[in-house]
Amino acid sequence: MRVPKSIYEALRLDKENRNNLWKKSIEKEFSKVKVAFEFNDDDKTPVSHKKLDSHWMFDIKLDYLSRKSQLVANGNEHNPPSSITFSSLLSLQGTLFEHSS
């Protein structure tokens, strides 16, 4: 079994394997984070938000060989104020993602 490195490769693997396991996994993840991609009519980043690049990560879980897709922000672009405790997990609220596949 191969783990893809991009959405394009994931969908190609589905085609080769004659299934849609990666596609379903990508759709499941995107349904969770799609609110981060909702823009205003003028397509400007709201004042309280910051645009971050992101990328997809893929894995095969050993439980039932289920597929896992995850859209992650490039955390190195996030500079929190020194007065707050930093967590490596970003909340979707206040963050807009630009993703590459």
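## A tour from Ser-25 outwards

Start by selecting Ser-25, which sits in helix H2, residues 21-33. Keep in mind as you go that this is a predicted model. Is Ser-25 buried or exposed? Its relative accessibility is 8%, and buried means under 20%, so Ser-25 counts as buried.

Now show what surrounds that serine. Leaving aside residues up to four places away in sequence, Ser-25 touches Arg-67, Lys-68 and Ser-69. Strand S2 covers 67-73, so colour that stretch too if you like. Zoom in on the side chain of Ser-25: one of its polar atoms lies 3.4 Å from the backbone oxygen of Arg-67.

Next, select the whole of H2. Put a distance between its end C-alpha atoms and you should get 19 Å. That agrees with the 18 Å that its 13 residues should span at 1.5 Å a residue. Which residues of H2 are buried? Pick out Trp-22, Ser-25, Ile-26, Glu-29 and Val-33. Look down the axis and you'll find these residues on the same side of H2, because they cover an arc of only 95° around it.

Add helix H1, residues 7-17, to the view. To describe two packed helices, you give the angle between their axes and the distance between the axes. Here H1 and H2 pack at about 140°, and their axes are 7 Å apart. That angle makes H1 oblique to H2. For the contact itself, show Ile-7, Ala-10, Leu-11, Leu-13 and Asp-14 on the H1 side, with Leu-21, Trp-22, Lys-23 and Ile-26 on the H2 side. Two of these, Trp-22 and Ile-26, are also among the buried residues of H2.

Time to hop over to the strands. Select Asp-63, in the loop between strand S1 (50-60) and strand S2 (67-73). Asp-63 has 52% relative accessibility, and the cut-off for exposed is over 50%, so Asp-63 counts as exposed. Show Ser-66 as well: the side chains of Asp-63 and Ser-66 are joined by a polar contact of 3.2 Å.

Finally, zoom out and colour by secondary structure. How many helices and strands are in the chain? You'll count 2 helices and 3 strands, running α-α-β-β-β from the N terminus on. Of the 101 residues in the chain, 26% are buried. Switch on contacts with a separation of 6 or more, and 60% of them come from residues 24 or more positions apart.

Notes. Residues numbered from 1 in each chain as written. Predicted model: local features only at pLDDT ≥ 70, side-chain atom pairs only at ≥ 80, totals over all residues. Heavy atoms only, no water. Helix = DSSP H or I, 4+ residues; strand = E, 2+ residues; numbered from the N terminus. Buried < 20%, exposed > 50% of the residue type's maximum accessible area, 1.4 Å probe, protein only. Polar contact = N/O pair within 3.5 Å; in protein donor to acceptor, adjacent residues only side chain to side chain. Contact = heavy atoms within 4.5 Å. Expected span 1.5 Å × (residues − 1). Arc of directions from axis to C-beta. Axes fitted to C-alpha atoms, helices over the stretch in contact; angles between N-to-C directions. Parallel < 35°, antiparallel > 145°, perpendicular 65-115°, else oblique.
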